[in-house]
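Here's a quick briefing to read alongside the model. Take a look at the structure first, then work through the points below.

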Amino acid sequence: MDLCDLNTIKALLGRHGFHFSKSMGQNFLIQDWVPRGLVEGAGVGPENGVLEIGPGIGPLTSQLAAAAQKVVAVELDRSLLPVLDETLADFSNVEILPADILKLDIPALVDEKFSGMVPMACANLPYNITTPVITALIEANRFSCIAVMIQREVALRICATPGTADYGAFSVYCQYHTAPELLFDVGPECFVPAPKVTSSVIRMIPRSAPPEGVEDEKRFFRVVKAAFGQRRKTLLNALSAGLGGVDKEHIKSAIAAAGLEENIRGERLGIPEFAALTRALGDF
């Protein structure tokens with residue numbers, strides 16, 4: 001069954017009386033090169049156990065199942081369960097888990113389902129849960145690779161470099177924990193119903209250790225959050241407002257000690273500069 005063929009999709013959904021849900025951000029793929037490209041980009045192989053989020057009718061799931069040792073696909077919409085029973089009937093290595101991914105204990109799930117395998121996460125994520133799901137996958141600290149299709153705007157933020165318009169606190173967070181890379185774009189015409197925006201597939205490889213120079217992760221991210229809290233202000237003024245109780249003159253001295261210009265803005269700092277600044281600020 002070609003799960004990316006529009007006529008096949010219409011007949012399949014008609015048989016099961018399925019209707020798209022806007023609240024769940026459902027957009028189904030109608031170009032089979034997309035799930036193939038995602039699986040290839042992630043490097044899925046027979047040693048992998050793959051966690052998928054939001055399988056829909058299963059076009060990515062079937063590609064993952066053909067390449068991986070096991071796939072566990074978490075689906076919130078229970079009306080899709082009988083559809084998936086039909087479309088994935090030929091795959092004995094797929095388990096559909098009816099659940100909300102944001103309410104699951106992801107580390108416990110991975111440990112239970114993928115014992116002895118190399119866990120990965122692959123998904124065509126609904127736009128409305130992109131940031132919390134990516135955060136949850138990163139914080140699970142279980143995956144060798146996180147490969148997801150998301151709104152291009154968010155993909156550009158994740159991969160942005162210092163000094164660009166897309167660069168922000170979420171960029172720093174993702175780049176602190178992973179090495180992200182934008183693989184390819186997917187236009188609205190590749191989906192039904194067609195979304196109003198372009199999507200992108202990104203691959204994020206979790207880092208084995210914190211970036212060099214970071215001594216205290218909690219303080220590091222307090223500084224990052226404060227620096228971007230009022231991004232139109234200079235770093236000095238943003239930190240003065242965001243780090244309550246820290247003397248402004250001390251912040252000024254720390255900025256100089258970190259080798260930064262006095263009037264620099266936080267959006268121009270990369271991870272090494274934020275690390276140096278956090279060390280210079282000391283305990284706070």
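For what follows, a disulfide is a pair of cysteine sulfur atoms within 2.5 Å. Keep in mind that this is a predicted model. With that cut-off, the count of disulfides comes to zero, and two of the cysteines show why a bond isn't there.

**Cysteines**

- Start with Cys-4: the closest cysteine sulfur belongs to Cys-190 and sits 9.4 Å away, so that's too far for a bond.
- Cys-4 is also buried, with a relative accessible area of 7%.
- Cys-145 tells a similar story, since its closest cysteine sulfur, in Cys-122, is 6.1 Å off and also too far for a bond.
- Is Cys-145 buried or exposed? Cys-145 is buried, at a relative accessible area of 2%.

**The protein as a whole**

- You're looking at 284 residues, and 50% of them are buried.
- The secondary structure comes to twelve helices and nine strands.
- If you want a feel for the dimensions, the C-alpha trace spans about 70 × 40 × 30 Å along its principal axes.
- Among contacts with a separation of 6 or more, 67% are between residues 24 or more positions apart.

**Helix 6 against helix 8**

- Helix 6 covers residues 130-140 and helix 8 covers residues 169-177; the two pack with their axes 11 Å apart.
- How do these two helices lie relative to each other? Their packing angle is about 25°, and angles under 35 degrees count as roughly parallel, so helix 6 and helix 8 are roughly parallel to each other.
- The crossing of helix 6 past helix 8 is left-handed.
- On the helix 6 side, the residues in the contact are Thr-131, Ile-134, Thr-135, Ile-138 and Glu-139. On the helix 8 side, they meet Phe-170, Tyr-173, Cys-174 and His-177.
- Sorted by class, this contact has five nonpolar residues, three polar ones and one charged one.

**More on helix 6**

- Which residues of helix 6 are buried? They are Thr-130, Val-133, Ile-134, Thr-135, Leu-137, Ile-138 and Ala-140.
- Ile-134, Thr-135 and Ile-138 are on that buried list, and these three also take part in the contact with helix 8.
- Right after helix 6 comes Asn-141, which has a positive phi, near 55°.

Key
Residues numbered from 1 in each chain as written. Predicted model: local features only at pLDDT ≥ 70, side-chain atom pairs only at ≥ 80, totals over all residues. Heavy atoms only, no water. Axes fitted to C-alpha atoms, helices over the stretch in contact; angles between N-to-C directions. Helix = DSSP H or I, 4+ residues; strand = E, 2+ residues; numbered from the N terminus. Parallel < 35°, antiparallel > 145°, perpendicular 65-115°, else oblique. Left-handed = near helix turned anticlockwise from the far one by under 90°. Contact = heavy atoms within 4.5 Å. Nonpolar A, V, L, I, M, F, W, Y, C, P; charged D, E, K, R; others polar. Buried < 20%, exposed > 50% of the residue type's maximum accessible area, 1.4 Å probe, protein only.
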